[in-house]
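Reader: Got a minute to go through this one with me? I'd like to start with an odd spot in the backbone.

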Amino acid sequence: MLTSHKFMALGAAGVAAAIAVAFAASERASAPGAAPTTTAAAPAVPATAATPAAPGAAGAPPAAHPPAAQEREGKVDVDKSAEFVHFRVGNRNVKDILADGRLVWVGTSGGVIRYDTATDQYKLYDNTSGLLSNGVFHDSRLDGRLAVGTYGGGLSLLDEKTERWETFNIPDGLGDAFVYDVLKARNGDVWIATWSGVNRVRGGSLRDRSKWELHTVESTKGGLPNDWVYGLAEGKNGDVWLATEGGLALWRGGKWDNWNHAKGLGAPYDRVKNDLAFKNDPSKVSSHHAKQKQEMGLANIDTAYNPNYIISLAVDRDGVVWAGTWGGGLARYDGREWKNTTVADGLPGNHVFMLHIDPAGELWIGTNAGLATRKGDRYVTRTVADGLFSNTVFSMATAEDGTLWVGSFGGVSHLQGKRK
C-alpha cells in the first residue's frame, strides 16, 4: 500500500488524505494491504543479505486506513503547508527515488510508483504493467525514458507516451538479471551494474549487441575486485568509479585499479565495534557472504562489519570519492589518501546505506541511525523527530524546489519545511 499522512511531532498543520496503490498478488501475500507499524521491520540491504531490524518511526502517527487493494492509481489531497508529509508503501523497501521535474518516481520492492506533485495523482507500475520483476533497485532517466533496474527482471525502459516497456536481459548482453545501478557517462557510454559484473555499452547503443561489453573479476584479471557491482559514479576526465562487495574500483581509459580495507578503505573494527547497531552477521546465514568475509580476512569477526563492502557511492564536483561501507563508516578518497568517518567523529551511524549530492553540491549521508549532512567539519543529523519516516535511510532525491524526498523501509518522507 501507499498511503500519506502529515507528520505531527512538530505540530505540522493539516491532514493528508489516504492514497492506496496495490502491489502484485505475490507481493501482497506477505502483508495483504497492510501498512507497516511504527515498530521495527527488516530491510533487505543488500537484497540477498540477511540484515537486522531497522529502527522504526517511533512517534509518527499511523497512516489513514487505505482504500481497496485493487486501486492502483488515483489522486490524493495533500496538505502542501505541512512541514513534513509521509507516504507509506507497506512492507516494502524504498530503494531509489527520482525527482524528475514535477514527477517523483519511487522505486520499491513492490514496483515503481509515479507521483505527480502538481496534480497529486499517482500510479503503480509492476509486473502486471510490463515489468518482469516487482523488485526495483534503481530508477533514473536514460535518453528520455524511465530506466528501472530490477531484482531478477533485468533493465526495463518505459516509454511514457505509449506506456510500453522495453527490457534488456542476459540474452541482450546484460551480465545478470539483477541490476543495481545505471550510469550514462558524459561520452555517451552506458554502464550497468549487475550482480555478475558490470556492462559497458559503447555509445549507449543498447539495441546493438556488438556494443555490449561485460567486465568481471576474471576478464579484468582482478582489476574489478568483486563481481557484485553495487553502484556507479562518474568522476573527472571520464573516470568511472564502481562500488563492489570487495572494494572500490576505478576504470580510467580502459585500465583498472582498486582499493580495499587493506589499502585504507573503511574504519578498522576496533574503532567501530562499540557503535555497531546491527549485531547479526549476514555471513552466518549466507554462504556467499561467509566466503566474502573469509577471503577478506574478516572470518573471525562475527558481527555486521565488512569495510570492503561498499553499499553507496558518490563523487563530488571536486572529484573526491565518497564510499558508504557496511559497518566501517563513511570513507573519503581524494586521489591520494583515505579518510574514514565514524560515529566517533559525529556520524549518526556506521552503516552508510545512501549518499546523495544535491544540486548545490551538498553531501547527504543516509545511515542506520538518521540522515546527516556535512557542515564544515561537523555533521548535522535529521531523525524521526525532524520528520523522517524512519531513522534507517536507503534513498533520497532533491526536488527542483529544494525540498527533500527520503526513502526508508515502509515509506517516504517529503520534507517540505526549511532545511537545517
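Reader: OK, Asp143 first: is it buried or exposed?

Author: Exposed, going by the predicted model. Asp143 has a relative accessibility of 54%, and the cut-off for exposed is over 50%, so it counts as exposed.

Reader: And what's the phi of Asp143?

Author: Positive, about 55°, even though Asp143 isn't a glycine.

Reader: Where does Asp143 sit in the chain?

Author: In the loop between S7 and strand S8, which covers 145-150.

Reader: Now Asn237. What's its phi?

Author: Also a positive value of about 55°, and Asn237 is not a glycine either. Asn237 lies in the loop between S15 and strand S16 (240-244).

Reader: Buried or exposed, that Asn237?

Author: Exposed, because its relative accessibility is 80%.

Reader: Switching topic: how much space is in the largest pocket?

Author: About 1,100 Å³. The lining of that pocket has 38 residues, and those closest to the centre are Asp96, His138, Asp181, Leu313 and Leu355.

Reader: Which strands supply the lining of the largest pocket?

Author: Seen along the chain, S3 (84-100), S7 (136-142), S11 (179-184), S15 (229-234), S19 (306-315), S23 (352-357) and S27 (395-398) each give at least two residues.

Reader: Which one gives the most?

Author: S7, with 6 residues. That's the strand leading into the loop with Asp143.

Reader: What's the lining like by class?

Author: It has 24 nonpolar residues, along with 7 polar and 7 charged ones.

Reader: Let's look at a hairpin. How do S25 and S26 pair?

Author: In the antiparallel sense, over 5 bridges; S25 spans residues 370-375 and S26 spans residues 378-382. One bridge joins Arg374 to Tyr379 in S26.

Reader: What about the turn of that hairpin?

Author: There are 2 residues between S25 and S26, and Gly376 in the turn has a positive phi of about 65°.

Reader: Zooming out, how many helices and strands does the protein have?

Author: 3 helices and 28 strands.

Reader: How much of the protein is buried?

Author: Buried residues are 59% of the 420. The accessible surface is about 16,200 Å², with 47% of that belonging to carbon and sulfur atoms.

Reader: And what share of the contacts is between residues 24 or more positions apart?

Author: 53%, counting contacts with a separation of 6 or more.

Conventions
Residues numbered from 1 in each chain as written. Predicted model: local features only at pLDDT ≥ 70, side-chain atom pairs only at ≥ 80, totals over all residues. Heavy atoms only, no water. 1 Å grid on protein atoms, 1.4 Å probe; cavity = no way out; pocket = protein on both sides within 12 Å on 5 of 7 lines; lining within 4 Å. Points joined across faces, edges and corners; volume = space filled by probe spheres on them. Helix = DSSP H or I, 4+ residues; strand = E, 2+ residues; numbered from the N terminus. Nonpolar A, V, L, I, M, F, W, Y, C, P; charged D, E, K, R; others polar. Pairing = 2+ DSSP bridges. Buried < 20%, exposed > 50% of the residue type's maximum accessible area, 1.4 Å probe, protein only. Contact = heavy atoms within 4.5 Å. Areas by Shrake-Rupley, 256 points an atom, 1.4 Å probe, with all protein chains shown as cover.
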